[in-house]
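Dear colleague,

I am handing over the structure below, together with some notes on what was found when going through it. Please keep it open beside you as you read.

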Amino acid sequence: MSKSLPYSVKDVHYDNAKFRHRSPLKVLSQSLLTLNTKRNYASCSTGKFLILILFFGLACLMLMSRSPNDSSTNEKGKVTFVGGLRLGRLLRKPPRLPPRLSPDEGLLRSSSTNASNSDPKWAARQQSVKEAFDYAWSGYRKFSMGYDELMPISQRGVDGLGGLGATVVDALDTAMIMGLDNIVSEAGSWVEAHLLERISQKGQVNLFETTIRVLGGLLSAYHLSGGEQGTMNMTHSGPNPAVYLNVAKDLADRLLSAFKSSPTSVPFSDVILRDSIAHPAPGGMSSTAEVASVQLEFNYLSAISGDPKYSTEAMKVLAHIKTLPKTEGLVPIYISPDSGEFVGENIRLGSRGDSYYEYLIKVWLQQGAKFNSDFTYLHDMYIEAMKGVRHLLVRKSIPNGLVFVGELPYGPKGEFSPKMDHLVCFLPGTLALGATKGLTKEKALKENLLSFEDLENLKLAEDLAKACFEMYEVTATGLAPEIAYFHTEEYSEDGLEGGNKSSMYAKDIIIKHADRHNLLRPETVESLFVLFRITKDTKYRDQGWQIFEAFEKYTKVKTGGYTSLDDVTEVPPHRRDKMETFFLGETLKYLYLLFGDDSVIPLDKFVFNTEAHPLPIRTT
């Protein structure tokens with residue numbers, strides 16, 4: 001439970017009440033109530049003398065207020081005089097002091113006004129995103145149906161994620177949310193007809209990627225199609241929801257071998273599906289983010305299947321990590337399944353580290369933060385880690401002071417690196433969600449739910465979101481590179497700007513040649529979506545629309561689908577020939593929700609897994 005601020009909103013309400021106008025009737029009634037406790041000054045000689053002085057003073061005031069030209073005129077807009085007395089001056093109310101606002105309420109009121117959810121401009125823009133999704137799906141269906149991913153320029157499919165039709169399952173709940181029943185029917189029918197067979201025949205898959213994309217997609221589709229009796233049903237197309245649940249259970253049973261085969265609580269990274277066996281990755285290490293980012297999915301599967309085995313195995317990982325030594329809550333990006341210990345000292349919130357921190361707060365929220373104390377340790381770990389981020393990883397660029405999160409590749413005693421992956425742009429959304437628990441900032445302030453720590457994290461979220469957006473703004477295409485470096489006192493490189501010379505931050509952001517590709521990633525628009533929902537500041541919608549327009553302009557392929565880019569600093573950019581599954585599963589979903597109504601997948605009722613599949617928060 002959040003602690004109260006030293007100076008709380010309750011104090012603000014008290015201060016404001018002191019200066020609130022009171023009616024004459026209320027003043028009279030209060031005077032009568034207290035009359036019997038006051039001394040009757042008129043009954044003594046001193047009191048009578050004071051009354052005489054009072055009358056004398058009033059007479060002098062009337063004489064001094066006399067106008068040279070007495071008037072009884074009462075024209076509109078002028079003051080009335082009676083016997084030379086300026087009544088407006090005598091009877092006017094004392095000035096009211098302005099209400100005393102906390103700094104956060106002041107910022108809230110000065111932020112951009114929230115556009116109505118029924119605003120036709122945003123409805124039209126949401127429709128544009130919906131049409132883009134339909135276009136992307138049409139290209140996939142035409143050239144690569146059943147393959148993991150589309151190569152839109154080559155007009156063929158490719159299996160890079162184990163051959164489970166990852167795009168079909170990743171896109172399914174997006175189509176449900178958008179109300180595209182024809183796509184829901186196509187994708188759902190494919191799942192019903194083919195996915196169980198694929199799972200039983202396929203070979204090696206990655207535990208993490210398969211869990212977040214395929215298992216997460218199946219579970220979200222189950223919920224959104226009305227699988228849980230008495231809950232929402234966003235579609236009337238596709239198979240019976242039980243189909244999604246049955247396939248999810250079969251897949252998860254095979255994935256459990258990654259946990260059961262390991263000698264510790266840390267699972268192996270790779271699973272042979274057809275044999276239900278697992279083995280470590282080459283080199284023997286697992287990524288910290290990967291082993292710690294499957295819990296939302298396995299927890300929800302246990303809840304709807306009634307079988308606790310999925311949750312039990314997954315939660316052992318986080319309980320184990322709780323016992324390991326950390327650096328101000330921050331952890332290395334590798335962990336050994338054989339020893340159960342962290343390996344190396346590389347600390348970062350980009351690849352292999354990112355979603356560990358995301359799932360700490362989201363699993364706590366999913367498991368019923370308000371009533372379930374069994375998982376309080378996750379919230380504690382998250383808070384400690386965010387303090388560590390602020391202390392060890394946050395810096396400002398020069399010359400214009402963008403706030404960014406860097407890395408410690410050699411641990412806390414090593415040199416700081418001003419490198420920030422685009423993947424780190426998940427963090428603003430996670431910080432905002434962790435601060436308000438999915439409520440709007442206005443409501444959280446009104447109910448006195450924000451601690452000083454929460455307010456610090458919310459401020460950091462907005463600062464980091466600006467840096468993430470400027471990673472787009474500084475390039476010639478208006479699309480972000482995969483990795484950026486920030487100019488600091490200790491680090492600079494010339495000739496590596498993004499190509500947009502008109503950007504105010506052209507000298508703050510450095511983009512190396514090897515890092516200039518764009519994979520249609522979702523992290524920035526994810527954070528814009530969460531921050532808009534929480535702050536109601538329309539700048540986040542405007543920024544999201546600008547990014548969407550750049551995707552439309554430079555990544556859309558005429559024959560169908562969208563493609564990754566090789567270099568965002570050049571126009572026209574060279575195209576890479578790959579449409580990642582997360583473009584349909586995450587990027588377009590978050591943009592659609594950003595421009596839509598808050599009641600669709602509300603943040604205090606759902607958590608999104610790290611592949612943007614919404615799963616319901618426990619209520620009991």
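What share of the contacts in the protein chain with a separation of 6 or more is accounted for by residues 24 or more positions apart? Such residues account for 69% of those contacts, and please keep in mind throughout that this is a predicted model.

To begin with the chain as a whole, it has 620 residues, of which 55% count as buried, and it holds 22 helices and 17 strands. The accessible surface of the protein chain comes to about 27,600 Å², and carbon and sulfur atoms make up 54% of that surface.

One position carries an annotation: an unreviewed UniProt entry places the feature "binding site" at T610. This residue lies in the loop that runs between strand 16 (606–608) and strand 17 (614–616). Is T610 buried or exposed? With a relative accessible area of 17%, T610 falls under the 20% cut-off, and it is therefore counted as buried. If its neighbours within four places in sequence are left aside, T610 is in contact with F208, I212, S355, E358, Y359 and E586. With E358, one of these residues, there is also a polar contact of 2.9 Å between the two side chains.

A second place to look at is an open sheet of 3 strands, which are arranged in the order 5-6-7 with antiparallel pairing. Strand 5 (204–206) and strand 7 (277–279) stand at its edges and have a single partner strand each, so one side of each is left without a neighbour in the sheet. On average, and with direction ignored, neighbouring strands of this sheet are turned by 30 degrees against each other. Between strand 6 (residues 270–272) and strand 7 the antiparallel pairing extends over 3 bridges, and here I272 is the residue that stands opposite I277 of strand 7.

The last residue I would point out is H517, which is found in the loop between strand 15 (509–510) and helix 20 (523–535). Its relative accessibility is 13%, and H517 thus counts as buried. The side chain of H517 reaches the backbone oxygen of A514 at 3.5 Å. Leaving aside the neighbours within four places in sequence, H517 is in contact with A480, P481, E482, L565, D566, D567 and R576.

With kind regards

Terms used: Residues numbered from 1 in each chain as written. Predicted model: local features only at pLDDT ≥ 70, side-chain atom pairs only at ≥ 80, totals over all residues. Heavy atoms only, no water. Helix = DSSP H or I, 4+ residues; strand = E, 2+ residues; numbered from the N terminus. Buried < 20%, exposed > 50% of the residue type's maximum accessible area, 1.4 Å probe, protein only. Contact = heavy atoms within 4.5 Å. Areas by Shrake-Rupley, 256 points an atom, 1.4 Å probe, with all protein chains shown as cover. UniProt positions renumbered as here; feature names shortened; annotations may be inferred. Polar contact = N/O pair within 3.5 Å; in protein donor to acceptor, adjacent residues only side chain to side chain. Pairing = 2+ DSSP bridges. Axes fitted to C-alpha atoms, helices over the stretch in contact; angles between N-to-C directions.
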